[in-house]
Amino acid sequence: MSSRLGEILVKDSLITADQLKQALEHQKKSGGRLGTCLVKLGLVNDDDITAVLSRQYGVPSINLKFYEVDPAVIKLVPQETAVRYQIVPLSRVGSTLTIAMTDPTNVFAMDDIKFMTGFNVEPVVASETAISEAIHKFYGDVESVGELDKVMKDLAGDEAALEISADEAEMDLATLEKAAEEAPIIKLVNLILTDAVKRGASDIHIEPYEKEFRARFRIDGILQNVMAPPMKLKDAITSRIKIMAKLDISEKRLPQDGRIMIKYLKDGKKKELDFRVSTVPTLFGEKVVMRLLDKENLRLDMTKLGFEQESLTKFERQILKPYGMVLVTGPTGSGKTNTLYSSVARLNTHETNIMTAEDPVEFQLPGINQVQMKEQIGLNFASALRAFLRQDPNIILVGEIRDFETAEIAVKAALTGHLVLSTLHTNDAPSTISRLMNMGIEPFLVATSVNLICAQRLVRRICVGCKEPMQITPEALVEAGYTPEEAQVTTVQHGRGCGTCNNTGYKGRVGLYEVMEITDELRELILVGASALELKKKAIELGMITLRRSGLTKSALGQTTLEEVVRETVL
């Protein structure tokens, strides 16, 4: 068995017995590891500690000050895991991941990382000071993680906060309310919300599993693990969020929707932030998803959304027409609402009556009559649309066309002198025509009512702080969709990873747009029941920029990476 660190240092005449006693007293008062206390007191230096630790544990040592780590390796281990276990991933060779640790005997850390990454773990030893500096260097600001960690430790030591029955059947409402109002629980939930704002997250996921309870943030469209609160806090955290959203905490069997409004100070200014809360009962408890609705992130200037100039010209030409239908399509979280809000903001004058049916109303826009859907009392898109037609509207915005009834009323409204804006869930612009026909709308009604279809996606923007050219063969560029001529002159870029972008290489997002204007040639094809493939071929002939082409253009301009374009679009 290895001798203790202090004894080895005395044995090697690096410190005296009195100095060891002094360091142990300092450790009692301020906490931390013995090695760190010795360095703080100036009794030994970092290199001495590392050399002794290496001998003590029988593993190689490393000087992290001069070690550069590939950002792809850093991404393998989340920031909070690195902070919790005081480790830094260094390199990966085959199925082996090398990590620097202060304590290579910590089997829990190694097991966790092995399970998380799927790689075998090979430890090397480094001092605590060097590891802390490396975490800060490679992961960026760890202040909020440290703060969360501190609250977690407070909670772990706070027995009152943990006195919650694991069996939901035995838990009474009063106990649940009391647990949710405990100071540490309130502090933890507030920290999760404020940390999400600081990191620029769009969604917060609180998820219970059989043996794990985790919180994740969606940042720039990608979910990232943030923390894993103790399982015992599962019900208290969920109940706290439900109380804040004014939901029924006794109802755990049905999905619920609510809203949390938070006021906070930022740079001396008061700000309001909305969280849209949704709960769903899962096998092991309620999953909570909160969407952040920040008015400041809502871009209502159409020229700044990322449209190519010719696509923007077509889009504006059609929304400025007095009647007809303009459809925006794409998956959830692709920015459809933002595009529609930008359109109505562009059309919002004192001469127009704009009415919207939304589920839910995400942002309140002045001068626009917004109606929140309430299915439980029969107020759905179809009934709202019927009522709108008796309200003398110029422009109608329908949150989503989900069924034949809504589609039929929207088409009739578009044919009777109203401009109708709406969304659909389809993969690209041409397939939207087939979707409407599959809903039961006659081809002649689709052909005469639809003015334009805009399909869109959001891709991550390259971080400007660490943008650099990327080595890629012309063959790979041609395979991605560039012409052979373009491939010879195109230079694509990527983000190296830095503190600004949390070593991801991405910061922010940009839109890709496929705008299909319904011309007379396309109308003829729709009338004869042409397939989505035929419509797409004809639209490209007429100058439509596809989603992939929009992505390739932005990749060539250095706005996004080729990897992101290939991930979100098809040829």
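1. Two strands count as paired once DSSP finds at least two bridges between them, with helices (H or I, at least four residues) and strands (E, at least two) taken as DSSP runs numbered from the N terminus. On that basis, strands 1, 2 and 3 make an open sheet in the order 1-2-3, with mixed pairing. Strand 1 (87-93) and strand 3 each have a single partner strand and stand at the edges, so one side of each is left without a neighbour in the sheet. Direction ignored, neighbouring strands here are turned by 30° against each other on average.

2. A word on provenance: this is a predicted model, where local features need pLDDT of at least 70, side-chain atom pairs count only at pLDDT 80 or more, and totals for chains, interfaces and linings use all residues. Residues are numbered from 1 along each chain as its sequence is written, and side-chain values use heavy atoms, leaving out hydrogens and water.

3. Back to the sheet. Strand 1 and strand 2 (residues 96-101) run antiparallel over six bridges, and I87 has M101 in strand 2 as its bridge partner. Helix 7 (residues 107-117) packs on this sheet and touches strand 1, strand 2 and strand 3 (contact: heavy atoms within 4.5 Å). The direction of helix 7 makes about 145° with that of strand 2 (axes are lines fitted to C-alpha atoms, for helices over the stretch in contact; angles run from 0 to 180 degrees between N-to-C directions).

4. Have a look at helix 4 (residues 46-57) too. Its twelve residues reach 16 Å from first C-alpha to last, close to the 16 Å expected at 1.5 Å a residue (1.5 Å times one less than the number of residues). D46, I49, T50, V52, L53, S54 and Q56 are buried (under 20% relative accessible area; exposed is over 50%, partly exposed in between, 1.4 Å probe, protein chains only). Their cover includes helix 1 (5-11), helix 3 (34-40), strand 3 (120-125) and helix 8 (128-139). G58 follows helix 4 with a positive phi, near 70°.

5. There are three aromatic pairs (Phe, Tyr or Trp rings, the six-membered one for Trp, with centres within 6.5 Å; planes under 30 degrees apart are stacked, over 60 edge-to-face, the rest tilted). F307 and Y513 are stacked, 3.9 Å centre to centre with 20° between the planes. F307 sits in the loop between strand 9 (285-293) and helix 14 (309-319), and Y513 in strand 18 (residues 506-517), 206 residues apart. Both F307 and Y513 are buried.
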